[in-house]
Amino acid sequence: MAERHRRKRISQQFDMLRTILPNLIKMDKASVLGETVRQLRELKNRVKEMKGASNGSLECVLPGDLNSLSFGFSEKDGNLVKATFSCDDRPELIADLTREIRKVNGTVVRAEMVFIGGRNKSVLWIKGFSGNERMGMLKRALKMAIDIPKKNWKPRFNI
């Protein structure tokens with residue numbers, strides 16, 4: 001009786017995993033376990049990257065209360081500029097960023113954005129910039145995009 005109950009609980013847990021795992025093609029137990037292990041490793045690596053990018057603290061990954069903008073060059077590719085900023089969330093933010101970056105002939109090759117409680121924290125990797133003059137143009141362009149006052153809008157999520 002105890003063994004039957006244990007097997008039933010295990011089957012219920014596998015059913016739960018089947019419902020929450022994305023892109024699960026095969027439904028057998030070995031495939032479910034394999035995909036679970038793969039997903040956990042991927043999440044673990046993401047957390048490690050986030051902690052590495054924020055010097056061991058996840059606080060730097062979340063948006064701050066004040067608008068901020070900072071720049072750096074990619075460690076892997078010196079032609080990539082890494083722009084990190086925090087600002088108010090608004091519906092047209094991404095369109096404004098795209099327009100301003102295109103004005104200065106830049107191209108976003110990677111973007112990471114977090115939106116929480118009406119605030120945004122973003123990291124953009126932008127190619128096409130070298131030299132102080134071009135960096136100054138990019139800085140002014142991004143400052144224009146993030147400092148636009150918000151109009152009548154509501155945050156995507158309330159906390």
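## Exercises on a predicted model

D147 sits in the segment after α4; helices (H or I, at least four residues) and strands (E, at least two) are DSSP runs, numbered from the N terminus. This is a predicted model, where local features need pLDDT of at least 70, side-chain atom pairs count only at pLDDT 80 or more, and totals for chains, interfaces and linings use all residues. Residues are numbered from 1 along each chain as its sequence is written, and side-chain values use heavy atoms, with hydrogens and water left out.

**Exercise 1.** Work out how far D147 is from N67 in sequence and in space.

Start with the sequence: D147 and N67 are 80 residues apart. Then go C-alpha to C-alpha, and you get 7.8 Å. As for exposure, D147 is partly exposed, at 38% relative accessible area (buried is under 20%, exposed over 50%, partly exposed in between, with a 1.4 Å probe and protein chains only).

**Exercise 2.** Find which residues of α3 are buried, and say how they are arranged around the helix.

First pick them out: L93, D96, L97, E100 and I101. Now look down the axis of α3: these buried residues fall within an arc of 125 degrees, so they line one face of the helix (the arc is that of the directions from the helix axis to the C-beta atoms). Flip to the face turned away from the buried side, and you meet the exposed R102 and K103. Past α3 comes N105, with a positive phi near 60 degrees.

**Exercise 3.** Identify the residues that touch the most other members of the largest nonpolar core, and the elements that feed it.

A nonpolar core is a set of buried Ala, Val, Leu, Ile, Met, Phe, Trp, Tyr and Cys residues joined through side-chain atoms within 4.5 Å. This one has 18 residues, and F85, L97, I101, I126, F129, L138 and L142 touch the most other members. Two or more residues come from each of β2 (80-88), α3 (93-103), β4 (119-127) and α4 (132-146). The top giver is α4, with 6 residues.

Next, zoom in on F129. Skipping neighbours within four places in sequence, F129 has contacts (heavy atoms within 4.5 Å) with F73, N79, V81, V104, G106, R134, M135 and L138.

**Exercise 4.** Place N120 and decide whether N120 is buried or exposed.

Locate N120 in strand β4. Then check the relative accessible area: 0%, so N120 is buried.

**Exercise 5.** Say which residue's charged end sits over the ring of W125.

The rule asks for NZ of Lys or CZ of Arg within 6 Å of the ring centre and within 35 degrees of the ring normal. R110 is the one, 4.5 Å from the centre of the W125 ring.
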